[in-house]
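Here is a friendly walk through one chain, meant to be read with the model open beside you. Rotate the view as you go and pick out each residue when its name comes up.

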Amino acid sequence: QQDQPKSYSLSEGTFADEFHVFSIIWTESEIKWLVDDNEFHSFSITPADRSEFQAPFYLIFNVAVGGNWPGSPDGTTVFPTQMQVDYVRVFQEI
């Protein structure tokens, strides 16, 4: 089974207009993605072919350029660019 990510759009404005809270809730059986407390995707991590989600991991933040979204850079692309992160919190249930 292939899970296809769902898209998420703001009701108005663009993401760059203000800060947003991006969350991941990762349990033993499922991962959920949220933006400003609105869940937009989830999938089960219990199948054997998803065992990598049961292993240790690192958080990586990346400002990607090009690809399918928003497309390859051109003369209108603003460089240098930046990602502003106010904070990162990781919680673990005990």
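Is Val90 buried or exposed? Val90 has a relative accessible area of 65%, and because the cut-off for exposed is over 50%, this valine counts as exposed. Please keep in mind that you are looking at a predicted model.

**Around Val90**

Along the chain, Val90 sits in the segment after β3, the strand that spans 38-44. Val90 also belongs to a nonpolar surface patch of about 950 Å². Its partners there are Ile24, Trp26, Phe57, Leu59, Phe61, Val63, Met83, Val85 and Val88. For a sense of distance, try Arg50: Val90 and Arg50 are separated by 40 residues in sequence, and their C-alpha atoms lie 22 Å apart in space.

**The chain as a whole**

Stepping back, the secondary structure amounts to 3 strands and 0 helices, so the order from the N terminus reads β-β-β. The radius of gyration is 16 Å, whereas a compact globule of 94 residues would come out near 12 Å. Along the principal axes, the C-alpha atoms occupy a box of roughly 45 × 30 × 30 Å.

Of the 94 residues, 11% count as buried. The chain exposes about 8700 Å², and 52% of that area comes from carbon and sulfur atoms. Turning to contacts between residues at least 6 apart in sequence, 26% of them join residues at least 24 apart.

**Aromatic rings**

How many aromatic pairs does a search of the whole structure find? The search gives 5 aromatic pairs. One to look up is Phe15 with Phe22: the ring centres are 5.9 Å apart and the planes meet at 35°, so this pair is tilted. Phe15 is partly exposed at 34% relative accessibility, while Phe22 is exposed at 58%.

Ring pairs also tie Trp26, Trp33, Phe43, Phe53 and Phe57 into a cluster. Trp26 and Phe57 may look familiar, as both are among the residues of the nonpolar patch.

**A salt bridge and the loop after β2**

The whole structure holds 1 salt bridge. It joins the side chains of Glu30 and Lys32, with 3.9 Å from N to O. Both residues are partly exposed, Glu30 at 26% relative accessibility and Lys32 at 27%.

Strand β2 covers 30-35, and Asp36 lies in the loop between β2 and β3. Asp37 is placed in that loop too. Each of these aspartates has a positive phi although it is not a glycine, as the values for Asp36 and Asp37 show. The table sets out their backbone angles and exposure.

| Residue | Phi | Relative accessible area | Class |
|---|---|---|---|
| Asp36 | near 50° | 30% | partly exposed |
| Asp37 | near 70° | 67% | exposed |

**A cis proline**

Which peptide bond is cis, with omega near -5°? The bond in question runs from Phe79 to Pro80. Pro80 lies in the segment after β3, and Val90, where this tour began, is placed in that segment as well.

Technical notes: Residues numbered from 1 in each chain as written. Predicted model: local features only at pLDDT ≥ 70, side-chain atom pairs only at ≥ 80, totals over all residues. Heavy atoms only, no water. Patch = residues over 30% accessible without salt bridge, like charges linked within 9 Å, V, L, I, M, F, W, Y side chains within 5 Å. Areas by Shrake-Rupley, 256 points an atom, 1.4 Å probe, with all protein chains shown as cover. Salt bridge = Lys/Arg side-chain N within 4 Å of Asp/Glu carboxyl O. Helix = DSSP H or I, 4+ residues; strand = E, 2+ residues; numbered from the N terminus. Buried < 20%, exposed > 50% of the residue type's maximum accessible area, 1.4 Å probe, protein only. Phe/Tyr/Trp six-rings, centres within 6.5 Å; stacked < 30°, edge-to-face > 60°. Rg over C-alpha atoms; globule rule 2.2 N^0.38 Å. Contact = heavy atoms within 4.5 Å.
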